[in-house]
Every structure is written in structure tokens, then in C-alpha cells.
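Open the model in a viewer and keep the sequence panel visible. The stops below say what to select and what is found there.

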Amino acid sequence: MKALNIDNKTVDVDALLRKAKEIPGAWTGLKIAILILLKQGHRPTELNQVFGLSRQTMTRWVHQVNEEGLAALEKTPPPGRPSQLSDESKRQLEEDLLEDPRVFGLPRGKWNAHKLQLHLQRRFGIKVKTRQARNYLNELRPGAPRQRGMPLFGHAPDQK
């Protein structure tokens, strides 16, 4: 019998794990599979390497299951405050970020957290802090360079 192989070059472990995070419920299935493998005696270090998990993540999963039983596997809402932007507003904001900021009466140049803060307040009536505006930029413009904060002391990341 011929060995079973995945020959498609676009399907690697990282791609599969990214896909599991995108598909609702897939990550829970992966979590269950990992816990089954642990119960069968597989070493945590080996599973961490294969699945790209941190030791801390797997430790947290095991402690949760030990404390709560199977209820720990049920989906819980993400921690933190819910987004102030609806899905429709996020789609609109994503389109806005493709435009030049001057179209919206903002100073020239590229989008940054401060310009986005002002835009969110004017267009959607939402007040956010600079860090949240930066998070929106990083989330809604995946191909763009990530926005980073300014250090308290010294130079900006791109200056020396």
C-alpha cells in the first residue's frame, strides 16, 4: 500500500493552523484532539512543536479541563470589552482606510492612530484611545506595515 502524503505545497502545518483559527469551531476540535493525544501519553513538548502552541497555552488548557471538566471546552466569549464598531462600520472603515486621509478633511500623509481617532469620532461618533485606534489600523489593514507606539525615551523605532 502506498504511503499517504500531502503533496500540495500550499498546505503546510502553519497554513492548517491558520485555517483552524478562521473556521468557527475548528480550534475547539483541534484543542480536543490535542487533549486526546495528551491522554494517550504523547509528550507535551512534542505536541507544542507539532501544533505550534506555547507551553503556557497547553498548560492553561490542561488546568481548565482539570478544574471544569468538559465544560472547559465550550466556547466562551472573548475577554475584554466588545468592539464599539459594528461589522458594517468596520467594513466602511476598511474602505475609508483605502482613501487618502485628506478626503475626510484630515492632514496629509498616511493613516496613523491619531488621524484614525479623529476620523472615528467625526464619522462614527466613537471615542477611542490611541492604542485602540492603532489596533483597528493593524486589524483592518493586514498588508500595511504595523503601527507601533512611540517609546517613552529615546528615538522612534525607525530612527537612530
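Among contacts in the protein between residues at least 6 apart in sequence, what percentage join residues at least 24 apart? The share is 39%. Keep in mind throughout that this is a predicted model.

**Whole chain**

Start with a cartoon of the whole protein. It shows seven helices and zero strands, so the order along the sequence, by definition of the numbering from the N terminus, reads α-α-α-α-α-α-α. Switch to a surface: the protein exposes about 12700 Å², and carbon and sulfur atoms supply 53% of that area. Of the 160 residues, 26% count as buried.

**Helix α5**

Select residues 87–96, which form helix α5. Which residues of α5 are buried? They are Ser 89, Lys 90, Leu 93 and Asp 96. Look down the axis of α5: these buried residues fall within an arc of 115 degrees, so they line one face of the helix. The general rule behind such a pattern is that an α-helix has 3.6 residues a turn, so residues three or four places apart point the same way. Now show α6 and α7 as well, since the buried residues of α5 pack against these two helices.

**Lys 90 and Glu 139**

Stay on α5 and select Lys 90. Is Lys 90 buried or exposed? Its relative accessibility is 18%, and because the cut-off for buried is under 20%, Lys 90 counts as buried. Display its surroundings, leaving out neighbours within four places in sequence: Lys 90 is in contact with Ser 83, Leu 85, Tyr 136, Glu 139 and Leu 140.

One of these contacts, Glu 139, deserves a distance label. The side chains of Glu 139 and Lys 90 meet in a salt bridge, at 3.2 Å from N to O. This pair links distant parts of the chain, with Glu 139 in helix α7 (residues 130–140) and Lys 90 in helix α5, 49 residues apart. Glu 139 is partly exposed, with a relative accessible area of 44%, whereas Lys 90 is buried. As a general point, side chains of opposite charge can pair when their charged atoms come close.

**Other salt bridges**

How many salt bridges does a search of the whole structure find? There are five, and the Glu 139 and Lys 90 pair is a salt bridge already visited.

Go next to the end of α5 and select Asp 96 together with Arg 123. Their side chains meet in a salt bridge of 3.2 Å, N to O. Arg 123 lies in helix α6 (residues 113–124) and Asp 96 in α5, so the pair ties together parts that are 27 residues apart in sequence. Asp 96 is buried, with a relative accessible area of 3%, while Arg 123 is partly exposed at 39%.

Then select Asp 100 and Arg 102. These two form a salt bridge in which the closest N and O atoms are 3.0 Å apart. Asp 100 counts as partly exposed, at 29% relative accessibility.

**The nonpolar cores**

Return to α5 and select Leu 93. Not counting residues up to four places away in sequence, Leu 93 touches Leu 85, Leu 116, His 119, Leu 120, Phe 124 and Leu 140. Add Leu 97, Leu 116 and Leu 120 to the selection: with Leu 93, they touch the most other members of the largest nonpolar core, which has 14 residues. Helices α6 and α7 each supply at least two residues of this core. Which helix gives the largest share? It is α7, with four residues.

While on α7, select Leu 137, which lies in that helix. Leu 137 counts as buried, with a relative accessibility of 1%. Draw a line from its C-alpha atom to that of Leu 116: the two are 7.9 Å apart, although 21 residues separate them along the chain.**A surface patch**

For the last stop, bring back the surface and select Ile 6, Val 11 and Leu 16. Together they make a nonpolar surface patch of about 280 Å². Within this patch, Leu 16 is placed in helix α1 (residues 13–22). Leu 16 counts as partly exposed, at 48% relative accessibility.

Technical notes:
Residues numbered from 1 in each chain as written. Predicted model: local features only at pLDDT ≥ 70, side-chain atom pairs only at ≥ 80, totals over all residues. Heavy atoms only, no water. Buried < 20%, exposed > 50% of the residue type's maximum accessible area, 1.4 Å probe, protein only. Contact = heavy atoms within 4.5 Å. Patch = residues over 30% accessible without salt bridge, like charges linked within 9 Å, V, L, I, M, F, W, Y side chains within 5 Å. Areas by Shrake-Rupley, 256 points an atom, 1.4 Å probe, with all protein chains shown as cover. Salt bridge = Lys/Arg side-chain N within 4 Å of Asp/Glu carboxyl O. Arc of directions from axis to C-beta. Core = buried A, V, L, I, M, F, W, Y, C linked by side-chain atoms within 4.5 Å.
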